[in-house]
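Work through the exercises below with the sequence and the coordinates at hand, and try each task before reading the solution that follows.

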Amino acid sequence: MEFDLSFIDGGAWMKLKELSEKVGAKTYTEGRHYCLEVRGVCAGDRMSDLLVNASEKELLVTGLNNEQIILVSQLMDVPAVCLLNSTVPSEELIKKAEADGITIIVSPYGMFETCGRIYRCLFCGGE
Amino acid sequence: MITESYRIVGGNFERAGLASLRLKDRLKRIGVDSKLIRRIMIAAYEAEMNVVIHANSGNMWVRLDRGLIEIEVKDEGPGIPDIDQAMQEGFSTASPVARALGFGAGMGLPNIKRSSDIFKIETSVGQGTSIRSTIYLQLQDLHGSTRNSLSVKSELCNECLRCLHACPTGALRLRDGGPIILQHLCIDCTSCIDVCRTGALVVNYANNTISQPGNTSIVVPTAFFSQCGPDVSLHRVYEILMELGFRDVHPRGEWESALQKAVIQYANEEANVKPVISPVCPSVINLIETRFPSLIENLAPFLSPLQAALSVLDPKNTVVVAECPSQRSALLSRCTSAVEVMTPLALLQIVLPLLMRNAGKDNEKNRASPPSGRIIQPPSEVLQVSGIRSVMQILEKVENGLLCDVPVLEPYACGEGCFGSPLLLENPFYARYRSAPVHIDHYTLAKAVRRTYPFYPREGLRLDTDMTAAMKKLSKISELTRIFPGKDCGRCGAPTCSSLAEDIVMGRATREACIYLDCEKDGRR
């Protein structure tokens, strides 16, 4: 029998690396935060919302495949960004992310499916 | 003060945001709290992106002053025809290009406003837009170092030790023939000025002239009006100030009563601790932050009357008469340095010659009319306490939970409220007797203003940032204190034996300072 100990830890989490594998995302830059414990997700396609809501403990899930997303991540200390629909991030974006140690992964699914899979991994044991 | 400016190029999304990024780097280096950096970055980035999206070019100026950061972003863009509409969430006129990048959600201006403590936007169609966002800082390292408005004239000191014993927080030492103020303990309360007979302790602001009264307002302590003796009515003093050419004369009492009303309402409707302590006296706030940090939650979250006044009036065009150094310190810690502060004495020196010249012109009616309602009674739910000793006693009571039947506590560091400040000349009881609410025909601007930043405990009494080290130091202090004779004579330059022990442990003095220990060594006790 297993006990749910997550309340001691202050919530569920999973290593970014493991999470990325489970979701089936492709890793473009490992960054400094590949071993980060992801506790939640900030998802959205509006820059203003991401700017206000993103935090240093959360994975940023967004369809915005442009360099400004790296800048917002830098400003808000976001450790990792997950892009969607198997898009290929531009070289410039990867270069900037690498320079700042930000992890970039790209999920093969859309926003709905990606977030659903991450949620399952974090809160339902990945089943 | 640090000022920086950044150029922003409109339409260039590749280089957009770099100004904010550079600003972030600066803020990190001077030790700004990371939560604050987030707020500042939201404001800076959104403002910067507004320029990139809508304008041809623009500039970002950042001014980092004591306790606040001001970000001003000005562009040469199309301007905003309807500001109210632009401030609505979701309204945007961004181009399809910007929208494709995730901008144009119509959250920019609302986000800036929400992140700022003070937000101003000015725009004219065809000319451009300017946004100014002010955010109050809590600098972690500078904390507590800039709050003091007292200074020392050592050459006037005759080493009478009165100030040492008068200081309620033990912030004074006598070293090298003059008093030294330990800034981290000083609460700006004027107890030392009050007892000093030689003038060695003074306030460090001494504007003697008013630069240009024409366009300025003046905020005067209520007590100032009753400083000119029995023959000069309160209204006459008011008239003279108007004759000097000020646009407005605001007695600070207006703001004090506005604050009192607001605090009573807060106590009735919101507060969950009793008594609610009114932040009317900045010196008492300092005392609470230094000596009674557990009472910080009792403080009502409002600005001091003078701070409230300056958040309504334009600080650049306002002269403030402060009868107390703590008023000035409180102002400077949160306000732009542009405020002109003068002592009541300096203003009196300007006012008195005018009074003399116009002697006898005071019309009979004014002189004959008694100061109406001269006893300014506080409402029944307010307990007023004045004088720093009584305030300390009462705060100890509050700390021990012995004052839970009092809804509102209004503590003043000086006797008789602010009438007892040593920077005023008239006897406080008489000045208060003569005082009355000055009826002014103009519409009063006075209101209570909520604080947007919390009260912080000061690190004054803390011996070390590391708790284990602090405990070691504490036991060393009590060990040393036992060696000293316990006469608290002050001859060593510290007010008490235990404060000398603390000085020794903190490396501010040596054991040899105690004259009694030497005698013991020589065997001549």
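**Exercise 1. The length, bend and cover of helix 13 of chain B**

Determine which residues of helix 13 of chain B are buried, and find what covers them.

Solution. The model is predicted, and local features are therefore read only where pLDDT is at least 70. Begin with the length: helix 13 covers residues 344-357 of chain B, and its 14 residues, at 1.5 Å a residue, should span 20 Å, which agrees with the 20 Å between its end C-alpha atoms. Next, follow the axis, where a kink of about 25° appears at Ile350(B), shortly before the proline Pro353(B). Then turn to accessibility, with buried taken as under 20% relative accessible area: the buried residues in this helix are Pro344(B), Ala346(B), Leu347(B), Leu348(B), Val351(B), Leu354(B) and Leu355(B). For comparison with such a list, recall that an α-helix has 3.6 residues a turn, so residues three or four places apart point the same way. Finally, look for the cover over these buried residues, which includes strand 10 (217-220), helix 8 (234-243), strand 13 (318-321) and strand 14 (340-342) of chain B.

**Exercise 2. The open sheet of chain A**

Establish the strand order of the open sheet in chain A, and decide which strands stand at its edges.

Solution. Start from the inventory of chain A, which holds 6 helices and 7 strands, arranged along the sequence as α-β-α-β-β-β-α-β-α-β-α-β-α. Of these elements, 5 strands form an open sheet with mixed pairing, in the order 2-7-6-5-4. Strand 2 (26-29) and strand 4 (40-43) each have a single partner strand and so stand at the edges, with one side of each left without a neighbour in the sheet. Neighbouring strands of this sheet are turned against each other by 25° on average, with direction ignored. At one edge, strand 4 pairs in the parallel sense with strand 5 (residues 58-61) over 4 bridges, and Gly40(A) has Glu58(A) of strand 5 as its bridge partner. To place a helix against the sheet, note that helix 5 (residues 91-100) lies across strand 2 and strand 7 (103-106), running at about 70° to strand 2.

**Exercise 3. Whole-chain totals**

State what percentage of the residues is buried in chain A and in chain B.

Solution. In chain A, 46% of the 127 residues are buried, while in chain B the buried share is 54% of 525 residues. As a further step, consider the contacts between residues at least 6 apart in sequence: in chain A, 49% of them join residues at least 24 apart, whereas in chain B the corresponding value is 72%.

How values were computed:
Residues numbered from 1 in each chain as written. Chains lettered and ligands numbered in written order. Predicted model: local features only at pLDDT ≥ 70, side-chain atom pairs only at ≥ 80, totals over all residues. Heavy atoms only, no water. Helix = DSSP H or I, 4+ residues; strand = E, 2+ residues; numbered from the N terminus. Expected span 1.5 Å × (residues − 1). Bend = angle between axes of the 7 residues up to and from the residue. Buried < 20%, exposed > 50% of the residue type's maximum accessible area, 1.4 Å probe, protein only. Contact = heavy atoms within 4.5 Å. Pairing = 2+ DSSP bridges. Axes fitted to C-alpha atoms, helices over the stretch in contact; angles between N-to-C directions.
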